[in-house]
Structures are given as structure tokens and as C-alpha cells.
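This report concerns the strand arrangement, the nonpolar cores and one loop residue of the structure shown here.

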Amino acid sequence: MKALHVITGLGIGGAEQQLRLLLRHLPVRCDVVTLTNPGAVADGLRADGVRVRDLGMRSNRDLGAVPRLARLIRRGSYDLVHTHLYRACVYGRIAARLAGTTVVATEHSLGRAEIEGRPLTRGTRELYLRTERLGAATVAVSDTVAGRLRDWGVPAARIHTVPNGVDLAAFRFDSEQRRATRALLRLPDAAFVVGGVGRLVPGKRFDLLIRAVAALPAAWLVLAGDGPEAGSLRALASRLGVAGRVRFLGECGTSDTAPGIPAVLSAVDTFVSASREESFGLAVVEALAAGLPVVHAACPAVEDLPAGRVPGTTRIGQASGTADPARELTAALRHRMENGPHRLPRPPAVDRYDIELCSRRLIDVYAQAIGTIPLPTTERAHP
């Protein structure tokens, strides 16, 4: 089988890095096309030996991208096209249909009121649904996302839940890595350190972490990630007088000198995901794989499991809307500090997110899609 993955961009992001990890484990010959922004993940894919092309899409209304992509699909004689992220799903489904190739899409970032961090409008939803019908299957990264797709009207038979995958072994706690990373980041050996990972955007609510650490004089904070909120978050830390106890790492793992996410998770004592909304919660799963206690606001990867299956997690934000989220987070972290830092065994439930298992589940979707949706051979015969 030969597959083409089409993604909106290849800058640092959860869906982008998930694609790179997936291609390392998917037993299929794969190429990648990015509509725009061939960033750091494109470099990483090429280093892995994956062929990456930039379609050079100039704007959201660059309709010429559709025939360009359709020609590329025909010439590549792909058995299947797999699209990722909203714009790539819309353009990629149309192009694949024109090329006569079966298409599968993964829905990575569908929230109740947002998609990929942007407000979900009626027009956005309608365009998504019209093009969704052109595909053979839609993959949801969590049961929560699958439910949202059904609520939109996507037929249940077309929806397949394949969760995001994690290389669990890569996140195993390493005490030597902990010491080295703390020294690199100038963190005191005995300090209680809170960790946060993700794009620095409003929906992730990293400001709550800074406010909570400001209220706990013995706590330190490490934030791994970059984004448009970086400047305002630094200003908030300075204004609250905690700039010396907060480490802004920027994008991690993009150079030989910066620590990767597994090293960061070895160095911290508890992990916080204060996101207002998530489609999966990959960073939480990585933290659990590292044996960390986790405080989270929204995480379908945990919430979709039976109650009690993931010990060591504390959910916040379930009180009435009048509750102060920063105060609630502060209380949860104070409790963790009083219990003392400790590592936990990896919860067995997290094993369902092993990347090898997830890749096998995706192959099953591919096989079903190709087997049940015959391709128009006349179009495939003339690239």
C-alpha cells in the first residue's frame, strides 16, 4: 500500500508531531504534502526519510491548490490519501475525489465551540460536512470527538475512533535525566516543580499555572512550548514577581542543546493541563507515561475511560461557574506539595495509547476504506 498524507502545515504542533510519530510506526509507504508552512516538523520528517512536498498554498481561498493537489495524487499512484487538520481535510477530500483515490481524514481538534483553536462558525461546519461526504471514513482521536461528529450528523458507520499514540518507552522516568535537566534549567534539586506543555495560546490557560505558582512561594514552573501568548505570559510572571521561578523553554526537542519533552517530564514533579477544551490531551498521556501525578481541566484521553482507571489524576473545573479556576488549581497543587514529590507506576489504562497499537488500528481503517470504496479505475489509469 502507498499512502499520501496531506496536512495543513508542518510547524510545531500536536497533530503535526503526531503525524511524524505515526509514520515511524505505520507499515505503509508514505509521502507527505503540506499545504503551507513546511516548518520544523517537515525537517524532522525528511530526516526520517519521508518525502515531503510543499504545495505552496497562498491563502485559504487559493482554489488553484485543488487541481495542483489532484495532479500530484494521480502522478503518485497512491492507493489512499489521508488528510489531517481542517483546511487539508476540505481541500484534500475534493482533490482525492477528482483524482479517483480513496480518502480517509483524521479529526484532531474538534471542540464544542472551536476547531483547531478557532471559533466554530456555521459556515465552517457546513463546509466540513459537505466535504466529509467525499471521504471513505473519518477518524476521531477520541470517543469525545466521535460523539461531536455524530452530533453534527456524520453517520456513525463512517466514524472510527483511533486515539493519538505515544511512544510509551520514550517517556519512562529516568533519574539521571532528571538531574541533568534540572542542572541545565537551573532548577534547585529539592524544588517542587510544576510542568506544562503545549502551544502558548489563550485556550491552554497557562496564565492559571503562573498565578498558581505565584501563590505558592516554594513552587517553580517549567513551560515547554511557544506561541502568540509567550510575551504576555512572560509579562504576567514579571508582574506577579515570579519570573525567577518560571522557565520558558520555547519549542523543545528542536535542537541538540534544548531538552526534549521526555527530559522535561523527568525533571518536573507534577503536570498540569489547564486547557479549557481538548480533543484528546496528548501531553497528559505523555505525563502519565512518565509516572507523573496530573492535574487537568479537560482531557478526553482520561475522561473517556471508566472512572478510577487512571489513578494519580485530579480534575479541576467541575465546580460552578463562579469558582476561581486559579484558586482551585492552587489548592490542587498545594495538596500535591504537601504529599511530597513522588513517581507513580504507569497506569495500565495508558497502554491503550501505545503508538504500535494505534498504528495497527489505523491500518484496519485503511483496509476497510479501500475494500469497501471501489476506486474509479478510469481516472487512476491516466495520471
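Phe192 stands opposite Ala219 in β11. Strand β10 (residues 192-197) runs parallel to strand β11 (residues 219-224), the two being paired over six bridges; strands are DSSP runs (E, at least two residues), numbered from the N terminus, and pairing requires at least two DSSP bridges. The model is predicted: local features need pLDDT of at least 70 and side-chain atom pairs pLDDT 80 or more, while totals for chains, interfaces and linings use all residues. Residues are numbered from 1 along each chain as its sequence is written, and side-chain values use heavy atoms, without hydrogens or water.

Both strands belong to an open six-stranded sheet with parallel pairing, in the order β12-β11-β10-β13-β14-β15. Its edge strands, each paired on one side only, are tabulated below.

| Edge strand | Residues |
|---|---|
| β12 | 246-250 |
| β15 | 313-315 |

The largest nonpolar core (buried Ala, Val, Leu, Ile, Met, Phe, Trp, Tyr and Cys joined through side-chain atoms within 4.5 Å) has 69 residues, and Phe271 is among those with the most contacts inside it. Beyond four places in sequence, the contacts of Phe271 (heavy atoms within 4.5 Å) include Gly195, Val197 and Leu265.

Ser275 lies in the loop between β13 (270-273) and α11 (282-289). Ser275 counts as buried because its relative accessibility is 4%, buried meaning under 20% relative accessible area with a 1.4 Å probe, protein chains only. Residues touching Ser275 from over four places away in sequence include Gly203, Lys204 and Arg205.

Terms used. Buried means under 20% relative accessible area, exposed over 50%, partly exposed in between (1.4 Å probe, protein chains only). Helices (H or I, at least four residues) and strands (E, at least two) are DSSP runs, numbered from the N terminus.
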